[in-house]
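Biologist: Could you take a close look at the cysteines for me, and then put them in the setting of the whole chain? I'd like one connected walk-through.

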Amino acid sequence: MTASATSVITAWETYSPLGHGAQAHLSGLREGDGKRAAVADFDVREILGKKGTRAMDRAAGLAVATTGLLLDKIGRERYAADDLGLVLGANDGVQSAMEFLRDTWTRDKPYDVDPAHVPRTLMNFAAGQCAIWHGIKGPNTTICGSHATGLLTLNYARRMHGNGHAKAVVWGAVEELSPGRRAVEAARSAGSDPAEGCVMFLLEAPEAVGGDRRALAEVLAVDFGVYPEPDGMQSALAASLRRALRKAGVDAGEVGAVVPAASPSRGARERAAVGEVLPDAQVRTRSAERFGDTGAASAAYQLVELLAEPGEPGRIGVVTTSDAEGRVGCAVFRSC
């Protein structure tokens with residue numbers, strides 16, 4: 001398989017708090033008001049059917065359903081099963097872990113646990129379900145990195161594609177809104193506003209796009225950094241932005257729009273870093289205004305907001321991220 005030096009995003013789909021499917025999400029993003037948290041009218045067994053879903057948790061259901069929407073959009077016959085890779089960003093499955101652990105305390109001794117809970121406690125359960133349901137036989141990877149997950153997943157997918165391990169890569173991130181996650185987020189932060197959703201993208205080589213299909217954006221650069229103390233977050237992200245711009249061969253003045261994360265605890269520092277490096281760029285925050293913190297999927301939804309209004313072909317856009325574990329990151333895109 002020949003490696004491609006350039007990767008482009010050609011399609012995306014979502015189940016989000018704003019609706020089922022890309023068009024419903026975009027309509028809610030542009031025209032809606034108020035703030036939402038859950039994906040409404042989403043029952044795993046109603047959406048996917050009863051066969052094979054009895055032990056499927058909500059995160060896996062969202063990922064499987066969203067991957068199905070994406071493959072239907074691009075045409076399932078477009079790539080052979082072995083040529084399609086999958087990279088899914090996910091959280092740590094706190095609800096499934098809590099259910100399994102609760103069984104060890106509440107069910108009969110010595111260890112009468114529900115075996116159906118065991119697979120769901122594994123980080124790669126959702127990615128495996130996506131591959132099984134949709135017949136994807138190429139490389140399959142799960143990434144878990146808190147709010148930086150979306151960009152970490154993009155970076156891995158880009159390397160998988162660029163090094164020739166897959167002709168195209170389905171990649172994205174999922175987050176569920178469960179009682180367990182609500183409890184954990186409330187313990188972490190008094191101002192937590194958790195939400196859920198899944199976004200999946202298709203990454204291809206530019207030469208694979210033609211006919212009635214067009215590329216949405218070219219991935220120019222992805223960069224990450226770390227900060228050991230909260231006060232160092234702004235300088236770490238500013239340094240990451242400057243590295244990414246150098247990698248992309250782009251001047252700061254060329255950046256037309258940037259979509260930062262909207263964390264209550266880190267948002268001010270993140271916006272300060274953006275203002276320091278990209279003072280003339282339009283800052284977009286519509287996603288943060290329309291739904292809550294989607295955790296592992298947050299950076300993926302920021303990219304969707306950038307793609308929603310790409311501007312003229314050749315316009316440069318940036319997505320930034322940060323998390324409470326000391327990671328910062330950013331990605332630079334050129335609209336097609």
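Modeller: Let's start with the rule: a disulfide here is a pair of cysteine sulfur atoms within 2.5 Å. A disulfide is a covalent bond between the sulfur atoms of two cysteines. Before I apply that, bear in mind that this is a predicted model, where local features need pLDDT of at least 70, side-chain atom pairs count only at pLDDT 80 or more, and totals for chains, interfaces and linings use all residues. Residues are numbered from 1 along each chain as its sequence is written, and side-chain values use heavy atoms, with hydrogens and water left out.

So how many disulfides does the rule give? Zero. Take Cys 198: its closest cysteine sulfur belongs to Cys 130 and sits 6.9 Å away, which is too far for a bond. Cys 198 is also buried, at 0% relative accessible area (buried means under 20%, exposed over 50%, partly exposed in between, using a 1.4 Å probe and protein chains only). For Cys 144, the closest cysteine sulfur is the one in Cys 198, but at 15 Å that is too far for a bond as well. Cys 144 is partly exposed, with a relative accessible area of 35%.

Now for some surroundings. Thr 142 is part of strand β4, residues 140-143; strands are DSSP runs of E, at least two residues, and helices are runs of H or I, at least four, all numbered from the N terminus. Thr 142 is buried, at 14% relative accessible area. Setting aside neighbours within four places in sequence, Thr 142 contacts Leu 88, Ala 90, Met 123, Asn 124 and Ala 127, where contact means heavy atoms within 4.5 Å.

Another cysteine, Cys 330, turns up beside helix α9: Ala 244, which lies in that helix (residues 233-248), touches Cys 330 along with Ala 221, Asp 223 and Val 332, again not counting residues up to four places away. Ala 244 is buried, with 0% relative accessibility. Its C-alpha is 9.6 Å from that of Val 318, although the two residues are 74 apart along the chain.

Stepping back, the protein chain has twelve helices and eleven strands, and 56% of its 336 residues count as buried. Among contacts with a separation of 6 or more, 75% come from residues 24 or more positions apart. The C-alpha atoms fill a box of roughly 65 × 50 × 35 Å along the principal axes.
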